[in-house]
Amino acid sequence: QISERTTTMVSKATLVFAFLSVASASAAAKVNVEVLIESYCPCSGQWQFDFEKYVLPTVGSIVNLKRQMDGSPHSDGSVHCFHGSNECKANTLGLCAQNQTTNWQQWLNFTVCNDGECKGPRIDMQFCEHQYDVGKSKGEEREKMCAAQNGIDWNELQDCYNGQKGKDLLYASAKYDQQHKETYGMTGLPVVTVNGKRFSKFWDCNSHSTKLSGLIREICNAYEGDKPAACSKANIFVATSNLTMLSAEAEVREKLYFQGPGDNY
């Protein structure tokens, strides 16, 4: 006959085991996704829009998203941006938002709000409605609205953007990019890593056509805890191959890589 004391001990042990199991699952490390973008690259704008639209609601709970801005740092502390000086301003605004917010969802929502709706590849490279207004005077009212919608103090953001803090953040991000030796475009549009391993490939400006399904699968495979329900569906959708990319999209990517929009944007 099992004593009451033994039963109690077994019950307690079961509860402890259950608690440890739950704790272990909840403590599973989130998957680190890092993206290197250029604020005026249409592929970067589209990727961030699609990340918010497809990745955030499905596997966002198991992701830690980090963002760096592409640029060439100089010894005097200045930074050259591929698409010109206005892109450096847009990069600085994004970095100040990252520095000011407490979670990546907040700064991502701010960025997507600023860029406006993104509808995929176009020959004129205007993937996102307001992307090339960011960092310019004509985009300021929208930036104020987007900051308010996402709980970002506008005055604090402007102090960073217009001050030394913004310059330091821009330089540090460009320096980080330089040290990691990832060439924007050659290793992705944008460059994406998952847990430190590069996921993006040469010229893969295709987030609109794939709905980032390949990235979702990669995140699901990398996560060691209890996976979100979306992970069981992640293998159903077959991503569009780079080899079967629409000719219009391929033409856009070629124009983007070899010419670049420059200060006209």
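Guide: Before we start, two strands count as paired if DSSP finds at least two bridges between them. And keep in mind that this is a predicted model.

Visitor: Okay, so how many bridges join β5 to β6?

Guide: Two bridges join strand β5, residues 191-194, to β6, and these strands run antiparallel. One of the pairings puts Thr-193 with Arg-198 of β6 as its bridge partner.

Visitor: What's the strand order in the sheet?

Guide: The order is β2-β1-β5-β6 in an open sheet of four strands, and the pairing is mixed. β2 and β6 are at the edges with a single partner strand each, so each has one side without a neighbour in the sheet.

Visitor: And in which sense do β1 and β2 pair?

Guide: β1 (residues 31-37) pairs with β2 in the parallel sense, over seven bridges. Val-31 sits opposite Val-63 in β2.

Visitor: Is β2 largely enclosed or left open, and why?

Guide: Five of the seven residues in β2 (residues 63-69) are buried, so the strand is largely enclosed by the rest of the structure.

Visitor: Which helices lie across β2?

Guide: Helix α2, residues 42-59, lies across β1, β2 and β5, at about 170° to β2. Helix α7, residues 164-180, lies across β1 and β2, at about 100° to β2.

Visitor: New topic: how do α4 and α5 cross?

Guide: Their axes come within 9 Å and cross at roughly 150°. Since over 145 degrees counts as roughly antiparallel, that makes α4 roughly antiparallel to α5. The crossing is right-handed.

Visitor: Which residues make the contact?

Guide: From α4, Phe-110, Cys-113 and Asn-114; from α5, the residues include Arg-142, Glu-143 and Met-145. The contact residues divide into five nonpolar, two polar and two charged.

Key:
Residues numbered from 1 in each chain as written. Predicted model: local features only at pLDDT ≥ 70, side-chain atom pairs only at ≥ 80, totals over all residues. Heavy atoms only, no water. Axes fitted to C-alpha atoms, helices over the stretch in contact; angles between N-to-C directions. Parallel < 35°, antiparallel > 145°, perpendicular 65-115°, else oblique. Left-handed = near helix turned anticlockwise from the far one by under 90°. Contact = heavy atoms within 4.5 Å. Nonpolar A, V, L, I, M, F, W, Y, C, P; charged D, E, K, R; others polar. Buried < 20%, exposed > 50% of the residue type's maximum accessible area, 1.4 Å probe, protein only.
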